[in-house]
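Biologist: I am new to this structure. Please take me through it one question at a time.

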Amino acid sequence: MNGITAGIGLRPGTSEADIEACLMQTLATAGLSADAIGRLATLASRRDEPGLTAVAQAHDLTLVAIPDEALAGFEAACATRSTRISGLYGVGSVAEAAALAAAGPGATLIQPRIATARVTCALARSAA
């Protein structure tokens, strides 16, 4: 499995096209191709969003669901901060925290979140 995890934050009902566009923009900013990532990670409460599951299937990626309460442990590692998200989840960036959580112990944030109207995406590299 590739050692890059894409963390995704999204509003309910976000389309596959919107998620795909944000993911591709984030990868391009980081200088990576789509085959660099091995998994997607998001909030457990967003795990079954049709647009997100469609993107995971289209890229043959594992979709990791991070329990909402587990995100707060990654607050210090987040590079960006949304006041709204912090109030809801206790973490500055769902995308960054989810990427770090799913990438495992010692993971590093390699691309801070990129935000579009309905989606955020960040990339983390596993330590292994």
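Modeller: The turns below go from the whole chain to one helix and then to one residue.

Modeller: This is a predicted model, in which local features need pLDDT of at least 70, side-chain atom pairs count only at pLDDT 80 or more, and totals for chains, interfaces and linings use all residues. Residues are numbered from 1 along each chain as its sequence is written, and side-chain values use heavy atoms, with hydrogens and water left out.

Biologist: In what order do the elements of the protein run from the N terminus on?

Modeller: Helices (DSSP H or I, at least four residues) and strands (DSSP E, at least two) are numbered from the N terminus. The protein has 4 helices and 5 strands. Their order is β-α-β-α-β-α-α-β-β.

Biologist: What is the radius of gyration of the protein?

Modeller: The C-alpha atoms fill a box of roughly 35 × 30 × 25 Å along the principal axes. The radius is taken over C-alpha atoms, and the globule rule is 2.2 Å times the number of residues to the power 0.38. For 128 residues a compact globule would have a value near 14 Å, and the protein agrees with that at 13 Å.

Biologist: On which side of H2 are Gly-51, Leu-52, Val-55 and Ala-56, the same or opposite ones?

Modeller: Helix H2 covers residues 50-58, and these four residues of H2 are buried, where buried means under 20% relative accessible area and exposed over 50%, with partly exposed in between (1.4 Å probe, protein chains only). Pro-50, Gln-57 and Ala-58 are exposed on the other side of H2. The arc is that of the directions from the helix axis to the C-beta atoms. Because the buried four cover an arc of only 135 degrees around the axis, they lie on the same side.

Biologist: Which elements do the buried residues of H2 pack against?

Modeller: Packing is judged by contact, meaning heavy atoms within 4.5 Å. The partners are strand S1 (4-10), helix H1 (16-30), strand S2 (37-43) and strand S3 (62-66).

Biologist: Is Val-119 buried or exposed?

Modeller: Val-119 is found in strand S5, residues 119-125. Leaving out residues up to four places away in sequence, Val-119 touches Ile-8, Gly-9, Leu-10, Thr-14, Asp-18, Ile-19, Cys-22 and Ile-114. Because its relative accessibility is 1%, Val-119 counts as buried.

Biologist: What separation do the C-alpha atoms of Val-119 and Glu-20 have?

Modeller: Along the chain, Val-119 and Glu-20 are 99 residues apart. Their C-alpha atoms are separated by 9.5 Å.
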